[in-house]
Amino acid sequence: MTAGHGQPNPGSSPGSSSPDARGRGARRRGSAGRGEKQLVPEAEFRSYYGRPVVKETVWGPDIPSYLFLGGLAGASSTLAAGAHLTRHPELARALKCGAAGAISLSMIALVHDLGRRTRFVNMLRVLKVTSPMSIGTWILSGYTPLALAAAAATVTRRLPRAGLAATIGAALLGPAVAAYTAVLLGDTAAPAWHEAHRELPFLFAGSAATAAGGLGMLAVRPGRAGQAIRFAVLGAAGEIAAKSLLLGRLGPAAEPYQTGRAGQLMDISEVLTAAGLAVAVLAGRTRIGAPLAGLTLMAASALTRFGVFEAGRASARDPKYTVVPQRERLQDR
Amino acid sequence: MTDASGTSSGKTKWLNETGTAVLPAAGLDPAAEAGYSDHPPRMGFFTDTSVCIGCKACEVACKEWNSVPEDGLLLTGMSYDNTADLSATTWRHVAFIEQPRSDGNGDGADGLRWLMASNVCKHCTRAGCLDVCPTGALMRTEFGTVVVQDDICNGCGYCVSACPFGVIGRSETDGGAHKCTLCYDRIGDGLMPACAKACPTESIQFGPLDELRERAHQRVAGLHAAGQSQARLYGADPADGIGGAGSIFLLLDEPEVYGLPPDPVVTTHDLPRMWRHAAAAAVGLVGAALAACAGGRK
């Protein structure tokens, strides 16, 4: 067969696309299991030797790690303020310290992922509403000092009023930290990320609450984690709802979330979320149940982020996800 | 707020070469939108692939002039294409496509037709790379082109994911993002970009975008009259999803055959909706925290 008919040419890729990844991923679909979602007939599109049209992200594992840690920090700050104001100091302290730690690790991950790390401060040259990364930088610049101050005040037990102000400030900016990362991914040409831009903020906010609730269960004495359990339940419910909406609406662009490595990660995350929720609700106030549920839910949240990240990569690697929807759009016009 | 990074919108009069004020056609004057009050006409490329002979002089001239590191020394098995795609180290890329003749337009006795096309940055009117750049390293020039300022880029890689054409790449050697500059250093001195200068068949033409677009329409009409019914323009419509390209193409088959997206849309087109949804999700998160803390005893 010749070029231009969507046939991947064996051994033709010095670039990013490994033939193995293609074979395991979107290419193989059977009647079993998730393969039912076949909306695009095979080989109905044309491409240049099966090569990608858009570039796969150059971001490494730092970025999905940050998606998790940033979400954990932001949602923890919000729950911490609630716990603080309703006089649950043990939970509030744990969450504030967790948020400070998670956002510190986030900063390290973000700088580490840059191609030129010593120039990280160039992020502060401009403020651009068209760049979610620029907006995110400024959100983080406001949030991080507040989260650190809130934790410092609660640990040192000094300056309680300033600590309360920082706690409330971090609680208000925290949700922005947790949600903007969905826009960061949505505002790219990677089909699975861009097409999911409606649901992704809710998926990420829910996942963040799941993680923060999990942290609360893990960090406080059993019997004091009631607020954390309820927060995790609400978050997981939001996450599951957003994910099912996403998969239902996306059509062919949902496939990268259901196949290959991304599909595995999303599946494991779903199982862990359900298991963590069950343990939290049934045994969340016991000595073994609370930390077990907490760890499970945090792991589920992290896997969701890595799954979404991998789905975007896979969708950029396969020209099908770029060409077919655009071709259909042209035909409908 | 912004420097010359292209998101401010100063509406100014626009002068043509003779100094006459003319109103730009809608969406066609990105330099003015970026704040240049008095600027030269928008410059661009017209790549007429119907006369490309696949000599790769454009690839070589680009690397020579811009000191772009070597690559493409592997054999890919994709006809004569060993460069594979545009990247941080390939700013012109010649695609080679071998097709069985199906429509009488083939040019070989062996029943094949051989398409060649030199791909390049589109210098979009609505440029996703420029929109998402968080440092202002990507900027709009007075010629309406899009360039990376290498001394500012911190290698965040966001532009790489935002480009709907897969043009820009991040270098593994210096960590920065790189792409075609439309030879910003040459055209400012009245010279032609290196690739256009080196092209022996004038497949790559350089000039004011208005003139190029007119010439492209004439050329495609001529090819249609000559029976080459598959000839079509790519990137020449200011009403498309990127506001029209600064480098336009004449193709002899569908864009995806050349590795080009058939209907590219700048990714920031949906950004207002994304922010609305993110704001709603953030409010929901606060609501969830309030509900978790208000209900129950512990």
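Two residues are in contact here if their C-beta atoms, placed from the backbone, lie within 7 Å. I start with that because the first figure for chain A depends on it. Among contacts in chain A between residues at least 6 apart in sequence, 78% join residues at least 24 apart.

This is a predicted model, and it scores ipTM 0.88 and pTM 0.89. For chain B the mean pLDDT is 89, with 87% of its residues at 70 or more. Residues 1-27 of chain B have pLDDT below 50, although this stretch has 51 contacts in the model beyond near neighbours in sequence. Where pLDDT is low, the predicted coordinates should not be read in detail.

Chain A, then. It has twelve helices and zero strands, so the pattern along the sequence is simply α repeated, α-α-α-α-α-α-α-α-α-α-α-α. Of its 333 residues, 63% count as buried.

Two positions in chain A serve as examples. The first is Phe68(A), in helix α2. Is Phe68(A) buried or exposed? It has 28 C-beta neighbours inside 10 Å, so it counts as buried; the cut-off is 20 or more. Leaving aside neighbours within four places in sequence, Phe68(A) is in contact with Ala211(A), Ser301(A), Ala302(A) and Arg305(A). Leu303(A) is 235 residues away from Phe68(A) in sequence, yet the two C-alpha atoms are 8.5 Å apart.

The second is Gly235(A), in helix α8 of chain A. Gly235(A) is buried too, because 33 other C-beta atoms lie within 10 Å. Beyond four places in sequence, its contacts within chain A are Gly206(A), Ala208(A), Ala209(A), Thr210(A) and Gly213(A), and it also touches Ala288(B). From Gly235(A) to Ala208(A) is 27 residues in sequence and 7.2 Å in space, C-alpha to C-alpha.

That contact with chain B brings me to the interface. The contact takes 78 residues from chain A and 71 residues from chain B. On the chain A side, the elements giving two or more residues are α2, α4, α5, α7, α8 and α12. Which of them gives the most? It is α5(A), with eight residues. By type, the chain A side divides into 37 nonpolar, 28 polar and 13 charged residues.

Next, the core. The largest nonpolar core has 199 residues, and those with the most contacts inside it are Ala179(A), Cys129(B), Cys159(B) and Leu285(B). Take Cys129(B): apart from neighbours within four places in sequence, it is in contact with Leu138(B), Val146(B), Cys159(B), Ala162(B), Cys163(B) and Ile168(B). Cys159(B) thus appears both in that contact list and among the residues with the most contacts in the core.

Last, one helix of chain B. Helix α7(B), residues 209-225, has 17 residues and reaches 24 Å from its first C-alpha to its last, close to the 24 Å expected at 1.5 Å a residue. Its buried residues are Leu209(B), Leu212(B), Arg213(B) and Ala216(B). Seen down the axis of α7(B), they fall within an arc of 100°, so they line one face of the helix. What do they pack against? The partners are β3, β10, β11 and β12 of chain B. The face turned away from the buried side carries the exposed residues Gln218(B), Ala221(B), Gly222(B) and Ala225(B). After the helix comes Gly227(B), with a positive phi near 95°.

Technical notes. Residues are numbered from 1 along each chain as its sequence is written. Chains are lettered from A and ligands numbered from 1 in the order in which they are written. This is a predicted model: local features need pLDDT of at least 70, side-chain atom pairs count only at pLDDT 80 or more; totals for chains, interfaces and linings use all residues. Helices (H or I, at least four residues) and strands (E, at least two) are DSSP runs, numbered from the N terminus. The expected span of a helix is 1.5 Å times one less than its number of residues. A residue is buried if 20 or more other C-beta atoms lie within 10 Å of its own, exposed if 12 or fewer, and partly exposed in between; C-beta atoms are placed from the backbone. The arc is that of the directions from the helix axis to the C-beta atoms. A nonpolar core is a set of buried Ala, Val, Leu, Ile, Met, Phe, Trp, Tyr and Cys residues joined through C-beta atoms within 7 Å. Ala, Val, Leu, Ile, Met, Phe, Trp, Tyr, Cys and Pro count as nonpolar, Asp, Glu, Lys and Arg as charged, and the others, Gly among them, as polar. pLDDT is the predictor's confidence in each residue, from 0 to 100.
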